[in-house]
Amino acid sequence: MILAKERLAVCEFARRMTTGGLVVGTSGNVSARQGELIAVTPTGVDYAGLRPEDVPVAHLDGKIVDGSLEPTSELPMHLAVYRQAADPDGKAVSAVVHTHSVHATAVSTLVTEVPAIHYMLASIGPTVRVASYATYGTEELAKTMLEAMEGRRGCLLANHGTITFGDSLGSAYSRAQQLEWACQVWLTARAAGTPNLLPPAEIEHVVEKLRGYGQR
C-alpha cells in the first residue's frame, strides 16, 4: 500500500481531532505529504472507524492515485498549502491540519487578527491573521487562506475554523491546539474585562526564541 505510514498517521490524527474537541462529527480534515503525493482524510466518514486503506492518496496536481473513497471537499485548500505555502524557517511543509474548533471559530467572527494574548501564538508567526470568508471547498477559500498565511504557519478562516501546517502531523496538530487554547484564553479574559495584550516587539522576540526551542 503506497504511503502506508502517512495513511496510518492521518487516521491517528483525525481521531485525535475528534477526541480533543477540535472537530465535531466528520468536520475538519488532515493530510500528510511524501514527495509529490499526499494522504488525506476522506469526505463524510466517521473518523472513529477510519482505516489506512480508507484514506485517499492524491497527487499534488489534484489527481487521485489510490483509494476508493472520495477525498475531503477541502482538498483544494490542502493542495494550495503544499504547492505555495512556505515555512518561515525553511522547514518542509509535510502536514496540514484543518479544524472547526469552537473558540478559534468564534474569534474568527470577531477580529481580523488574533489578539496577542499569549506568547505561544508566536509558534505560528509574528501575528495570526484571519482569512476573509469564502465558501468551503473552493479555490477562492484556498486563495484567501494563502494570503492570510503568508510568512506564517497557519491562520484562522473567517466564520469557519483554523488551518495549520508543519514538518509533521504532530507539529501541525500542536499548532492547531495552541491556537484554539489561545483563542479560548482571549475570549475568557474578554468576557471578564479588557485583556492586556503583548506588544508586537515581544511576540517578535519569542518568534526568535522558539527557533531554538526543544531538544536537538
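Two residues are in contact when they have heavy atoms within 4.5 Å of each other. With that in hand, we can begin our walk through this predicted model at leucine 3, which sits in the segment before helix 1, a helix that covers residues 4–19. Leaving aside neighbours within four places in sequence, leucine 3 is in contact with Ala32, Gln34, Leu37, Ile38, Ala39 and Val57. One of these partners shows how the chain comes back on itself: leucine 3 and glutamine 34 are 31 residues apart along the chain, yet their C-alpha atoms are separated by 7.3 Å. Leucine 3 counts as buried because its relative accessibility is 12%, and buried means under 20%. Its backbone is worth a look too, since phi of leucine 3 is near 55 degrees, a positive value in a residue other than glycine.

Another residue with this backbone feature is asparagine 159, which is not a glycine and has a positive phi of about 55 degrees. You will find asparagine 159 in the loop between strand 7 and strand 8. With a relative accessible area of 48%, asparagine 159 is partly exposed.

Next, please turn to histidine 59, in strand 3, the stretch of residues 57–59. Histidine 59 has a relative accessible area of 26% and is therefore partly exposed. Not counting residues up to four places away in sequence, histidine 59 touches Glu36, Leu37, Val65 and Leu79. For a sense of scale, the C-alpha atoms of histidine 59 and valine 185 are separated by 39 Å, with these positions 126 residues apart along the chain.

Leu79, one of the residues touched by histidine 59, brings us to helix 2, which runs over residues 75–84. Helix 2 is mostly covered, with eight of its 10 residues buried. The buried ones are Leu75, Pro76, Met77, His78, Leu79, Ala80, Val81 and Tyr82.

Now for the interior. In soluble globular proteins, nonpolar side chains tend to be buried together. Here the largest nonpolar core has 25 residues, and those that touch the most other members are Ile38, Val81, Met145, Met149, Cys155, Leu157 and Ile163. Several elements contribute to this core: strand 2 (37–40), helix 2, helix 4 (139–149), strand 7 (154–157) and strand 8 (161–166) each supply at least two residues. Isoleucine 163 gives a good view of how these parts meet. Setting aside residues up to four places away in sequence, isoleucine 163 touches Met77, Val81, Val96, Val97, His98, Met145, Met149, Arg153, Gly154, Cys155 and Leu157. Apart from the largest core lies another one, made of 22 residues, among them Ala9, Val23, Val30 and Ala39.

Charged side chains add their own links, and the model has eight salt bridges. One of them is in helix 4, where the side chains of lysine 143 and glutamate 147 meet with N and O 2.8 Å apart. Because they are four residues apart in helix 4, lysine 143 and glutamate 147 are separated by about one helical turn. Lysine 143 counts as exposed, at 53% relative accessibility, while glutamate 147 is partly exposed, with a relative accessible area of 45%.

Elsewhere, salt bridges that share partners join Arg51, Glu53 and Asp54 into one network. Arginine 51 is the shared partner: its closest N and O atoms with glutamate 53 are 3.4 Å apart, and with aspartate 54 they are 3.0 Å apart. How are these three residues placed with respect to the surface, buried or partly exposed? Arginine 51 counts as partly exposed, at 43% relative accessibility, and so does glutamate 53, at 41%. Aspartate 54, by contrast, counts as buried, at 13% relative accessibility.

Our last stop is a pocket. The second largest pocket has a volume of about 160 Å³. It is lined by 14 residues, of which Glu113, Val114, Ala116, Pro126 and Thr127 lie nearest its centre. By type, the residues of this lining divide into 11 nonpolar, two polar and one charged.

Terms used: Residues numbered from 1 in each chain as written. Predicted model: local features only at pLDDT ≥ 70, side-chain atom pairs only at ≥ 80, totals over all residues. Heavy atoms only, no water. 1 Å grid on protein atoms, 1.4 Å probe; cavity = no way out; pocket = protein on both sides within 12 Å on 5 of 7 lines; lining within 4 Å. Points joined across faces, edges and corners; volume = space filled by probe spheres on them. Nonpolar A, V, L, I, M, F, W, Y, C, P; charged D, E, K, R; others polar. Buried < 20%, exposed > 50% of the residue type's maximum accessible area, 1.4 Å probe, protein only. Core = buried A, V, L, I, M, F, W, Y, C linked by side-chain atoms within 4.5 Å. Salt bridge = Lys/Arg side-chain N within 4 Å of Asp/Glu carboxyl O.
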